[in-house]
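Reader: I would like a close look at one part of this model. Please take a pair of packed helices and follow the contacts and charges there.

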Amino acid sequence: MKAKEIGIIGLLLSLSLVLQISPLKVPTQWGMSIDLVAVPIVVLYILTGFWSSLTALVLLFFGLSLISSASWLGASMKFFATLSVILGFEIARKLTGFDIRNYTEKRLLIFVIFAYLVGIAIRIPAMVAMNYYYALPLWLGIPREQVIPAIEEWFHMPFWLVIGIPNALQSAVDVGIGILVSLPVIRALPHILE
């Protein structure tokens, strides 16, 4: 890993942690907030690639475990949710052959939509499973067998929708804002991609 990569990781990781403690978030009814915490990790992926963003994501887990009100439990959910977004980008990049150094608006749009769809195809089933088997039983203090009936009774909708809708929205924020922030940075500092 180059010194430039380490510097960018440090800068964007610290921005993620600042965004975690900032009031820039919209709480959902069941504990998740739609926030900007993963956006710097997405920007890092666009600027430096998969392994740097994965490194930052691991470090983000430890940072969130220390500063988040949801402790290690929320940090682990953010880790796996953001990992699905990064995997969506990586799979879309490999399947479409997209190159951030040389693209057209049409190819960029196809790449972004494909990355989003692949990301939510990974994220929603993963978050449904993790919430059922692990997060909600710990967070709510109820046995796993009571999670789905309790959530469906509280929200009057299927469990997978209660989990899936906010995660799809969060992925849209992560992907959309991440791309919108990355492109001006690349235009202003094209040497950052070297």
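Author: What follows describes helices α3 and α4 and then the salt bridges that begin in α4. The model is a predicted one.

Two packed helices are described by the angle between their axes and the distance between the axes. For α3 (residues 50-67) and α4 (residues 71-96), the axes come within 8 Å and cross at roughly 165 degrees. Angles over 145 degrees count as roughly antiparallel, so α3 is roughly antiparallel to α4. The crossing of α3 past α4 is right-handed.

On the α3 side, the residues in contact include F50, L54, L57 and F61. Among their partners in α4 are W72, F79, L83 and E90. The residues of this contact divide into 12 nonpolar, 5 polar and 2 charged.

E90 also takes part in a network of salt bridges with R93 and K94. The side chains of E90 and R93 meet at 2.8 Å, N to O. Both residues lie in α4, 3 residues apart, about one turn of the helix. E90 and K94 form a salt bridge with their closest N and O atoms 3.8 Å apart; these two are 4 residues apart in α4, again about one helical turn.

The three residues of the network can be sorted by accessibility. Buried means under 20% relative accessible area, so E90, at 13%, counts as buried. R93 is partly exposed at 33%, and K94 is exposed at 58%.

Definitions and conventions
Residues are numbered from 1 along each chain as its sequence is written. This is a predicted model: local features need pLDDT of at least 70, side-chain atom pairs count only at pLDDT 80 or more; totals for chains, interfaces and linings use all residues. Side-chain values use heavy atoms; hydrogens and water are left out. Axes are lines fitted to C-alpha atoms, for helices over the stretch in contact, and angles run from 0 to 180 degrees between N-to-C directions. Angles under 35 degrees count as roughly parallel, over 145 as roughly antiparallel, 65 to 115 as roughly perpendicular and the rest as oblique. A crossing is left-handed if the near helix is turned anticlockwise from the far one by less than a right angle, and right-handed if clockwise. Contact means heavy atoms within 4.5 Å. Ala, Val, Leu, Ile, Met, Phe, Trp, Tyr, Cys and Pro count as nonpolar, Asp, Glu, Lys and Arg as charged, and the others, Gly among them, as polar. A salt bridge is a side-chain nitrogen of Lys or Arg within 4 Å of a carboxyl oxygen of Asp or Glu. Buried means under 20% relative accessible area, exposed over 50%, partly exposed in between (1.4 Å probe, protein chains only).
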